[in-house]
Amino acid sequence: QAHLVESGGGLVQPGGSLRLSCVTSVRSFSAYSMGWLRQAPGKEREFVAGLNWSGDNEYYADSVKGRFTISRDNAKNTLYLQMNSLKPEDTALYYCAAHTSQPWGFNPPERIDDYDYWGQGTQVTVSS
């Protein structure tokens with residue numbers, strides 16, 4: 001059973017920054033695409049950012065392009081999300097997730113259902 005543990009969430013003012021981390025016990029972490037997804041109150045879970053196994057192909061939701069950066073450290077089994085210029089609409093529970101059904105894939109998935117291991121989430125609240 002894989003474990004993913006997110007941290008780094010909190011309360012931040014609009015325009016501020018946060019860096020989320022996700023430490024995993026996913027076996028062969030370095031072989032899999034990883035992603036960040038979020039769910040705001042009353043809304044469906046949505047894709048935020050994805051990164052392939054080697055870290056050289058990344059996708060972002062249009063709503064976060066130019067503000068968020070996903071990265072990974074395979075030696076530490078850790079995924080990151082740097083969030084800048086935060087907006088109130090970024091308020092959500094943020095999850096990291098692993099896509100393990102296709103190791104060494106070039107394109108990280110954007111479909112929620114393609115992620116098969118999830119963390120418990122870390123809350124991000126953007127408010128003045």
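Student: How is burial to be read here: is Arg38 buried or exposed?

Tutor: This is a predicted model. The cut-off for buried is under 20% relative accessible area. Arg38 has a relative accessible area of 6% and therefore counts as buried.

Student: With which residue does Glu46 form a salt bridge?

Tutor: The general idea is that side chains of opposite charge can pair when their charged atoms come close. In this structure, Glu46 pairs with Arg38 in a salt bridge, with the closest N and O atoms 2.6 Å apart. Glu46 is partly exposed, at a relative accessible area of 35%.

Student: Which side chain meets that of Asp90 in a salt bridge with an N to O distance of 3.0 Å?

Tutor: That side chain belongs to Arg38. The pair connects distant parts of the chain: Asp90 sits in the loop between β8 (78–83) and β9, and Arg38 in strand β4 (residues 33–39), 52 residues apart. Both Asp90 and Arg38 are buried.

Student: What is the N to O distance in the salt bridge of Arg67 and Asp90?

Tutor: The side chains of Arg67 and Asp90 meet at 2.7 Å, N to O. Here too distant parts of the chain are linked, since Arg67 belongs to the loop between β6 (58–60) and β7 (68–73) and Asp90 to the loop between β8 and β9, 23 residues apart. Arg67 and Asp90 are both buried.

Student: Which residues are linked in a network of salt bridges?

Tutor: The network links Arg38, Glu46, Arg67 and Asp90. The whole structure holds six salt bridges.

Student: How do the side chains along β1 alternate?

Tutor: In a regular strand the side chains alternate between the two faces of the sheet. Along β1, Leu4 and Glu6 point to one face and are buried, whereas Val5 and Ser7 point to the other and are not. Strand β1 covers residues 4–7. Strands β1 and β3 (residues 18–24) run antiparallel and are joined by four bridges. One pair of bridge partners is Ser7 and Ser21, the latter in β3.

Student: Glu6 is buried; what is the nearest side chain of opposite charge, and how far away is it?

Tutor: The nearest one is Arg45, at 8.2 Å, and Glu6 has no salt bridge. The Glu6 side chain does have polar contacts with backbone nitrogens. A polar atom of the Glu6 side chain lies 3.2 Å from the backbone nitrogen of Gln120. The backbone nitrogen of Gly121 is reached by the Glu6 side chain at 2.9 Å. Beyond its neighbours within four places in sequence, Glu6 is in contact with residues including Trp36, Tyr94, Cys22 and Cys96.

Student: Which residues does the disulfide join?

Tutor: A disulfide is a covalent bond between the sulfur atoms of two cysteines. In this model the disulfide joins Cys22 to Cys96, with an S to S distance of 1.8 Å. Cys22 is in strand β3 and Cys96 in strand β9, so the pair ties together parts that are 74 residues apart in sequence. Cys22 is buried, with a relative accessible area of 0%. Cys96 is likewise buried, at 0%. The count for the structure is one disulfide.

Student: Where is the place of Gly105?

Tutor: Gly105 belongs to the loop between β9 (92–99) and β10 (117–118). Its relative accessibility is 6%, so Gly105 counts as buried. Leaving aside neighbours within four places in sequence, Gly105 is in contact with Ser33, Asn52 and Trp53. Arg19 is 86 residues from Gly105 along the chain, and the C-alpha atoms of the two are separated by 26 Å.

Notes: Residues are numbered from 1 along each chain as its sequence is written. This is a predicted model: local features need pLDDT of at least 70, side-chain atom pairs count only at pLDDT 80 or more; totals for chains, interfaces and linings use all residues. Side-chain values use heavy atoms; hydrogens and water are left out. Helices (H or I, at least four residues) and strands (E, at least two) are DSSP runs, numbered from the N terminus. Buried means under 20% relative accessible area, exposed over 50%, partly exposed in between (1.4 Å probe, protein chains only). Lys and Arg count as positive and Asp and Glu as negative; His and the chain ends are not counted. A salt bridge is a side-chain nitrogen of Lys or Arg within 4 Å of a carboxyl oxygen of Asp or Glu. A polar contact is a pair of N or O atoms within 3.5 Å; within protein, one must be able to donate a hydrogen and the other to accept it, and residues adjacent in sequence count only if both atoms are side-chain atoms. Contact means heavy atoms within 4.5 Å. Two strands pair if DSSP finds at least two bridges between them. A disulfide is a pair of cysteine sulfur atoms within 2.5 Å.
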